[in-house]
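I set down here, in order, what I looked up in this structure. My entries cover confidence, the chain contact, single residues and charged pairs.

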Amino acid sequence: MIHPDTEVRRVDDVVGVGVFATALIPRGTLTWALDPLDQLLTPERLAPLGPQWDTWLDHHTYHDPAGNRVLCWDAGRSMNHSCRPTCGGSDLGFEVALVDIHPGEQLTNDYGTLHLEASEGFTCRCGAVECRGIVAPDGSAWERWLPELRDALALLTTVPQPLAPLVTPAVLRAGRRAVGLPATERRRRLHAV
Amino acid sequence: MIHPHTELKFISSSVGHGVFATAFIPKGTFLWVLDPFDRILTADEVRALPPMLKTAVERWAYVDPTGHFVFCWDHGRYMNHSCRPTSRGIGDAFEIAVRDIQPGEELSCEYGILNIAKSFPCACGQPGCRGSVGPGDLERLFPIWDAEAQDAFQYAASVAQPLLPFVKAGPRDHAILEVLAKGSTEAELPSHRDYRREGVTDGTVEGDGLWAIAAAPARRPRATRRAGAAAR
């Protein structure tokens, strides 16, 4: 579930819609949590689908580290990419605000952290100073945001957390531990989550 | 899945959101079909959800004839009720446009068919607005609803049907798909009356939502303890 102080707004004809803050969301706030209404689409479940679903899957789902696709039930699935994202952490089962997100600012992810397939690369027009120009499968994307993610997670208990009922303490603990681990170990742990 | 030429718009804080046409959609078009990603939940599954999610399901799901909650994955779940709706249900998996829909017009359906648990006041403002929509409306009005659906279905083979490749057909829907595949509309459609869930009567269900589920039955051990105390 996406943070309640957000709304979906049309950005433009190329980007489509995006998710915008309607109130200040301070750094360290849980901005999204994987919840029981989100659907985990395993390869077995996707196998019987015809090619008419291909575009739909690209638009509405993302890849988890274990090779499934995830369909968020709410505006979480409308979050856009930015090369300077305001949110991070998806593989942990939750996301956290990496910066203070002010009203009218967009909640974004680095899609490089979302296990893109080779065919899913795209030209980026996020406009960030750090813009990579092309977003493609990117093994180092997670490492890029680890320092920000660690700093944001350190603030978890200092800011209001409306999504707290959706994230168990065990998931939070596992997430905080995972960001401190070396990459291979972290990937192993996240598969287990 | 809701028709691709639609968008979600905020109407007001009392009504919430609604679904609006972004292009002309002709009569006979399927405005919504049940698809494999619409979530089907049992009452027990809904009861077990964290409160913030349970509220969402009670507000935006509907109940099918087997008593399951159908929670649409897309903005189809925000379609509002109208006493003169733009579409009627057919079988388990279709909503069909019963008249031409102009760009900017709101798409609406009939909540009286969706196994609501209690009545609600209606302010749709349409000619013939019933003022109150309740679980008993189906029994009284199904012949009108059936006739509208049957009339609209005559056009189903001669208009674009972008949603047909995505439908998850139920047992009552296969005949409809077979007829359409032959380019025909010669079919007697299932009646709205068959969509009624047994045991849904006005006022029997506690809770805030139209589709609120009854509180879980009292737990047995507690009742036993009380009985024991009384005996002593």
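I began with burial, for which a cut-off is needed: a residue counts as buried when its relative accessible area is under 20%. By that cut-off, I found 48% of the 232 residues of chain B to be buried.

**Entry: confidence.** I noted that the model is predicted. I read its scores as ipTM 0.91 and pTM 0.90. For chain B the average pLDDT is 88, and 86% of the residues score at least 70. I then marked residues 215-232 of chain B, where the pLDDT is below 50; apart from near neighbours in sequence, that stretch has two contacts in the model.

**Entry: fold of chain B.** I listed five helices and twelve strands in chain B. I also looked at contacts in chain B between residues at least 6 apart in sequence: 71% of them join residues at least 24 apart.

**Entry: the contact between the chains.** How many residues does each chain give to the contact? I recorded 22 residues from chain A and 19 residues from chain B. Between them the two chains bury about 1,700 Å², with carbon and sulfur atoms carrying 75% of it. On the chain B side, the residues that lose the most area to chain A are B:Phe37, B:Met52 and B:Trp73, which together make up 41% of what that side buries.

I next searched the interface for charged and polar pairs. The rule finds zero salt bridges across the interface of chain B and chain A, but seven residue pairs in polar contact, both residues at pLDDT 80 or more. Two elements of chain B give two or more residues to the side that touches chain A, namely strand S4 (39-41) and helix H2 (51-60). H2(B) gives the most, with five residues. I sorted the residues of this side into 15 nonpolar, four charged and no polar.

**Entry: A:Leu37.** I located A:Leu37 in the loop between strand S3 (30-33) and strand S4 (39-41) of chain A. Is A:Leu37 buried or exposed? A:Leu37 has a relative accessible area of 2%, so I entered it as buried. Beyond its neighbours within four places in sequence, A:Leu37 is in contact with A:Trp73 and, in chain B, with B:Arg39, B:Leu41, B:Leu49, B:Leu53, B:Val57 and B:Phe71.

**Entry: B:His75.** I placed B:His75 in the loop between strand S6 (69-71) and strand S7 (80-81) of chain B. Its side chain makes a polar contact of 3.0 Å with the side chain of B:Thr6. Residues up to four places away in sequence aside, B:His75 also touches B:Ile2, B:Glu7, B:Leu8 and B:Val19.

**Entry: salt bridges.** I counted 25 salt bridges over all chains. One of them pairs A:Arg69 with A:Asp58, the closest N and O atoms being 3.8 Å apart. A:Arg69 belongs to strand S6 of chain A and A:Asp58 to helix H2 of chain A, eleven residues apart. A:Arg69 is buried at 10% relative accessibility, whereas A:Asp58 is partly exposed at 46%.

In chain B, I found B:Lys27 and B:Asp151 joined in a salt bridge at 2.8 Å, N to O. Why does this pair tie together parts that are 124 residues apart in sequence? B:Lys27 lies in the loop between strands S2 and S3 of chain B and B:Asp151 in helix H3 of chain B, so the pair links these parts. B:Lys27 is buried at 19%, and B:Asp151 is partly exposed at 29%. I closed with one network of salt bridges that share partners, which joins B:Arg88, B:Glu110, B:Arg130, B:Asp137, B:Arg140 and B:Glu148.

Note on methods: Residues are numbered from 1 along each chain as its sequence is written. Chains are lettered from A and ligands numbered from 1 in the order in which they are written. Side-chain values use heavy atoms; hydrogens and water are left out. Contact means heavy atoms within 4.5 Å. Buried area is the accessible area (1.4 Å probe) that two parts lose on being put together, summed over both. A salt bridge is a side-chain nitrogen of Lys or Arg within 4 Å of a carboxyl oxygen of Asp or Glu. A polar contact is a pair of N or O atoms within 3.5 Å; within protein, one must be able to donate a hydrogen and the other to accept it, and residues adjacent in sequence count only if both atoms are side-chain atoms. Helices (H or I, at least four residues) and strands (E, at least two) are DSSP runs, numbered from the N terminus. Ala, Val, Leu, Ile, Met, Phe, Trp, Tyr, Cys and Pro count as nonpolar, Asp, Glu, Lys and Arg as charged, and the others, Gly among them, as polar. pLDDT is the predictor's confidence in each residue, from 0 to 100. Buried means under 20% relative accessible area, exposed over 50%, partly exposed in between (1.4 Å probe, protein chains only).
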